[in-house]
Amino acid sequence: MKTKIIKAIVQALITAFVCFLWFACNSKEKVKQHQKVEMTAADILGNPNYLAISYGGYRENSRDIQPTIEELKDDMKLLYAMGVRIIRTYNVQPQLPHASNVLKAITAIKKEDPNFQMYVMLGAWIDCLHAWTGLEPNHDIESPNNEGEIKRAIALANQYSDIVKIIAVGNEAMVKWATSYYVQPNVILKWVNHLQELKKKGELPKDLWITSSDDFSSWGGGDASYHTEDLVNLIKSVDYVSMHTYAYHNSHYNPEFWKIPDNQQNISDIEKIDNAMLRAKEFAMQQYDSVKNYMKSIGVYKPIHIGETGWATTSSGHYGVNGSRASDEYKQGLYYKHLREWTRKAGISCFYFEAFDEQWKDAQNPNGSENHFGLINLKNEAKYPIWSLFDKGVFKGLTRNGKSITKSFNGDKNELMKTVLVPNTEYNR
């Protein structure tokens, strides 16, 4: 009898222990799942499972016509299907409620589907005095509008703390070729420090990351004229550096890498094109390294991610048939592939520019390159870089503007290749 009782007790203890282990493991898994949803910028940036992209949802040739919440929801679902988990927006200007509406759209989807994840790098636009007014811009004094822009970004970051994980102070706001509006680094530094101070006071989420998103040269990777004390202090103040690199534009402005080497003159046209796009990738990598090396020279070691890079598919100007001949979907596809492969392997987030074509950017010139950087065009066609996603069926059941996504060129690569030209550097600039 005693033996039976002892066996029963032992069995009960074993069962209880197994149940305890199951409960503990299950609880840990639930905690992990919860943590996965409540990601921070530190968790997201450099994470290959959180693909990044630059996003504008404008369909029309003027930003006066704002996309609706439902249209923005459609876009978020398309991006999610593509594997995107963090998007970049550019401004929170009161007359352009695009960014705040994006946050509303994401919130609405999350209520419908608690497992939906989409995070935002929220841009606050920064200008100099008299920018966009017709008056001579004063690059040494900031616009009085900047204060309101920062306040609105703060309000949105607090209201949507589950979505907004980064605030970017300015977009290409320090680079001197932005002659219409650029400011000196001390202006960006002022607002970055302000936001960092609010984090310390608990008036912004402590895990919110602050940066500025600018050309590689503005971060010290180019001309030495940018190497100022204010820039050093700015690099020390941001949580990470968000740098831009555009081999596409440099195929015209700095085309040495675009030129076909003498020892490759006799290879096939497709080999010349493929090799040029490998050099374009190397060009981007070199600009990234130039920023990294400058930061190292001032004793700063912190993350660097790519806030913008991209490749347009149409150009009536510098990058078209009478220019560098950089613009087509085949080259865009190679650039997209190369950049994604490099940055994934290197642990770099790349906010690829951009998700959808936007025709407002060069409204008077429909074939202007600025209108054609998207991976999906305004005819709801997935361009060549993401044909493989279409083939996998990721867009099934999803629409944009009430229409299904199809493939450009009807998926006929032979037709696509008829539009592809060999790189050119011999033309009037």
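**Pockets, cores and helices in a predicted model**

The second largest pocket has a volume of about 540 Å³. A pocket here is an open set of points on a 1 Å grid over the protein atoms alone, with protein on both sides within 12 Å along at least five of seven lines. Its volume is the space filled by probe spheres set on those points, with grid points joined across faces, edges and corners. The structure is a predicted model, so local features need pLDDT of at least 70 and side-chain atom pairs count only at pLDDT 80 or more, while totals for chains, interfaces and linings use all residues. Residues are numbered from 1 along each chain as its sequence is written, and side-chain values use heavy atoms, with hydrogens and water left out.

Back to that pocket. Its lining (residues with an atom within 4 Å of a point) is made of 30 residues, and Thr313, Thr314, Asp357, His372 and Asn377 lie nearest the centre. Sorted by class, the lining of the second largest pocket has nine nonpolar, 13 polar and eight charged residues. For this sorting, Ala, Val, Leu, Ile, Met, Phe, Trp, Tyr, Cys and Pro count as nonpolar, Asp, Glu, Lys and Arg as charged, and the others, Gly among them, as polar.

The largest pocket comes in at about 1,400 Å³. It is lined by 44 residues, with Asn171, Glu172, Trp177, Tyr181 and Glu370 closest to its centre. This lining splits into 17 nonpolar, 17 polar and ten charged residues. Helix H8 (247–253) and helix H4 each supply at least two of them, and H8 gives the most, with three. Helices (H or I, at least four residues) and strands (E, at least two) are DSSP runs, numbered from the N terminus.

There is also enclosed space. Rolling a probe the size of a water molecule over the atoms shows where empty space is left. A cavity is a set of points where a 1.4 Å probe fits but cannot get out, and the count comes to one cavity of 30 Å³ or more. The largest cavity has a volume of about 110 Å³. Of its 13 lining residues, Asn47, Pro48, Arg344, Ile348 and Ser349 are the closest to the centre. Strand S1 (51–54) and helix H10 each give two or more residues to this lining, with H10 giving the most, three.

H10 spans residues 329–346 and includes His338. His338 counts as buried because its relative accessibility is 9%; buried means under 20% relative accessible area, exposed over 50%, and partly exposed in between (1.4 Å probe, protein chains only). Leaving aside neighbours within four places in sequence, His338 is in contact (heavy atoms within 4.5 Å) with Met277, Leu278 and Lys281.

What about the greasy inside? In soluble globular proteins, nonpolar side chains tend to be buried together. A nonpolar core is a set of buried Ala, Val, Leu, Ile, Met, Phe, Trp, Tyr and Cys residues joined through side-chain atoms within 4.5 Å. The largest one has 113 residues, of which Met76, Leu79, Ile87, Val169 and Trp311 touch the most other members. Helix H9 (residues 269–297) gives the most to this core, with ten residues. A second, separate core of 14 residues includes Ile44, Ala52, Tyr119 and Tyr240. As for Leu79, its contacts beyond four places in sequence are Ile53, Tyr55, Val84, Ile87, Met118, Ala355 and Phe356.

Two helices can be checked for length. The expected span of a helix is 1.5 Å times one less than its number of residues. H4 (residues 98–112) has 15 residues and should therefore span 21 Å, which agrees with the 21 Å between its end C-alpha atoms. H5, also with 15 residues, should span 21 Å, and its end C-alpha atoms are indeed 21 Å apart. Among the buried residues of H5 are Ile150, Ala153 and Ile154, and what covers the buried residues includes H4 and helix H6 (185–201). Glu147 sits in H5 too, but counts as partly exposed because its relative accessibility is 43%.

Finally, a few backbone oddities. Most residues other than glycine have a negative phi, and most peptide bonds are trans. The bond from Phe353 to Glu354 is cis, with omega near 5°. Asn380 has a positive phi of about 65° and is buried, with a relative accessible area of 1%. Arg325 has phi near 60° and counts as partly exposed at 30% relative accessibility.
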